[in-house]
Amino acid sequence: MHRLLQRQIRRFLGEDAEQTPELAAFLSSVDEAYNSADAEHLMIERSLCLMSKELTEANAVLRNELAERQRTELALKKEKEEQRYLIGQLEEAQSHLLQSEKMASIGQLAAGVAHEINNPIGYVYSNLAMLEKYVHDSFAMLDQYELAEGVITDVDVRTHLKNTRDRLDIAFIKQDLSALMTESKEGITRVKTIVQNLKDFSHVDILDEWQLVNLHSGIESTLNIVNNEIKYKAEVVREYGDLPFVECLSSQINQVFMNLLVNAAHAIEERGTISIRTGQQGDEVWVEIADTGSGIAPEHLKKIFDPFFTTKPIGKGTGLGLSLSYGIIQKHHGRIDVNSIVGKGTTFRVWLPIRQGVALHEPDYEI
Ligand SMILES: Nc1ncnc2c1ncn2[C@@H]1O[C@H](COP(=O)(O)OP(=O)(O)OP(=O)(O)O)[C@@H](O)[C@H]1O
Ligand SMILES: [Mg+2]
């Protein structure tokens, strides 16, 4: 009999109660009901237990899936960052490539133009010098004729000579001719300089040698050359660091310094400062030329290394200085950084590797 029913019979009927057949039948059916309720209860308990186990398992699977998804998300994020970095690098490489392609085609054009112009300019330049001499000689002869005029007795001839001299305004021609010659020579010299720039730009006649160079002496000798351009405009402040000897084509590197220094001086309206700083970082050195000049407008910054880009008036700038410098620094496997604030000034920083790949002897350090 079910334990609960036993306890209830004991409680309500007493220990030794007599059971009539009707009561016994009733108790037996209650006992059956108790037992079946118990069995149902057990079944529910078991299925609840089973469900809870299944739920725990499903939960664990979900938790694993979540962790996996988080890991994938993290990997995707990392991949995206790597891609962004790669795209940045590709963009930079593309812009370098574009720049060097531009340089190469302009270089070819420049070499062709320089070659074509070089010869005629050469003979015009030397002919001009001869012409000046001939004109001087002719005028010397004219002076002699003029002196001899006094002894001509024929009045008609004398009058004719004087009239011709007045009509042709020989006195003015004599005076104007020398200014004319000077101007022509200046013009031709300017064209010669441009042709030389074009040649330098295309590197057609450069017989430079790779050497271990003291960049500080290069800067100093360049400063001597451009002293005239700078001295009225700026005070030069040197903040030199310790530099090892650097493997480079010295005359070309000096040309870069010259372009940067002259540009700095040109950018200063009245009076300012040009600071030259140098330093070493790892296996690279840097030379910085900073001015307190006008600065470069943001829309011009992208163009300053383009050949023939200039903001200077006609006759003052050819726009080749920076493109030339860019080419030279690229050849040295270096780079040029620019920082500029309009109205405050500009800083150009040239980076150069100390060695060009092949090891030479150990560098000596400057004091
Ligand atoms: N330090 C600087 N400050 C302000 N602007 C500059 C500076 N350096 C260069 N620039 C700008 O970049 C332009 C290009 O310079 P780049 O040296 O190539 O040519 P340029 O000086 O105009 O002519 P060139 O050097 O051939 O005589 C300049 O015209 C100027 O606008
Ligand atoms: Mg320049």
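A residue counts as partly exposed when the number of other C-beta atoms within 10 Å of its own falls between the limits for exposed, 12 or fewer, and buried, 20 or more. H216 has 17 such neighbours, so it is partly exposed. H216 belongs to helix α5. Its C-alpha atom is separated by 68 Å from that of L62, and the two residues stand 154 places apart along the chain. The model described here is predicted.

The site of ligand 1 was examined next. The ligand is surrounded by 22 residues. The closest are A267, T310, G317, G321 and L322. Two elements, α7 (250-267) and α9 (321-331), each give two or more residues to this shell. The largest share is that of α7, with four residues. By class, 13 residues of the shell are polar, seven are nonpolar and two are charged.

The two helices that contribute to the ligand shell also pack on each other. The axes of α7 and α9 lie 9 Å apart. The angle between them is about 145°. The crossing of α7 past α9 is left-handed. On the α7 side, the contact is made by Q252, I253, Q255, V256, N259, L260 and N263. On the α9 side, G321, L322, L324, S325, I328 and I329 take part. An α-helix has 3.6 residues a turn, so residues three or four places apart point the same way. Seven nonpolar and six polar residues form this contact, and no charged residue takes part. G321 and L322 thus appear in this helix contact and also among the closest residues to ligand 1.

Helix α9 is largely enclosed by the rest of the structure, because eight of its eleven residues are buried. The buried residues are G321, L322, S323, L324, S325, Y326, G327 and I328. One of them, G327, has 25 C-beta neighbours inside 10 Å and so counts as buried. The C-alpha atoms of G327 and A290 are separated by 21 Å, with these positions 37 residues apart in numbering. After α9 comes H333, whose phi is positive.

The largest nonpolar core contains 29 residues. Within this core, the most contacts are made by F257, L260, L261, A264, I274 and I289. Helices α5 (215-225), α7 and α9 each give two or more residues to the core. Strands β3 (246-249), β4 (272-281), β5 (284-291) and β7 (345-353) do likewise. The most residues, nine, come from α7. Helix α7 thus gives the largest share of the ligand shell and the most residues to this core. L260 has a part in both the core and the contact with α9.

I274 illustrates the contacts around one of these core residues. Leaving out residues up to four places away in sequence, I274 touches I230, A234, V236, L261, A264, A265, I289 and D291. L261, A264 and I289 are themselves among the core residues with the most contacts.

A290 was examined in strand β5. A290 has 21 other C-beta atoms within 10 Å and is therefore buried. Beyond its neighbours within four places in sequence, A290 is in contact with S275, G345 and T347. The C-alpha atoms of A290 and F348 are separated by 6.3 Å, although the residues are 58 apart along the chain.

Two residues that are not glycine have a positive phi. D169 has a value of about 50°. D169 sits in the loop between α3 (155-168) and α4 (170-202). It counts as exposed, because it has 11 C-beta neighbours inside 10 Å. H333 has a phi of about 60°. The loop between α9 and β6 (335-341) holds H333. With 13 other C-beta atoms within 10 Å, H333 is partly exposed.

Terms used. Residues are numbered from 1 along each chain as its sequence is written. Chains are lettered from A and ligands numbered from 1 in the order in which they are written. This is a predicted model: local features need pLDDT of at least 70, side-chain atom pairs count only at pLDDT 80 or more; totals for chains, interfaces and linings use all residues. A residue is near a molecule or strand if its C-beta atom, placed from the backbone, lies within 6 Å of it. Ala, Val, Leu, Ile, Met, Phe, Trp, Tyr, Cys and Pro count as nonpolar, Asp, Glu, Lys and Arg as charged, and the others, Gly among them, as polar. Axes are lines fitted to C-alpha atoms, for helices over the stretch in contact, and angles run from 0 to 180 degrees between N-to-C directions. A crossing is left-handed if the near helix is turned anticlockwise from the far one by less than a right angle, and right-handed if clockwise. Two residues are in contact if their C-beta atoms, placed from the backbone, lie within 7 Å. A nonpolar core is a set of buried Ala, Val, Leu, Ile, Met, Phe, Trp, Tyr and Cys residues joined through C-beta atoms within 7 Å.
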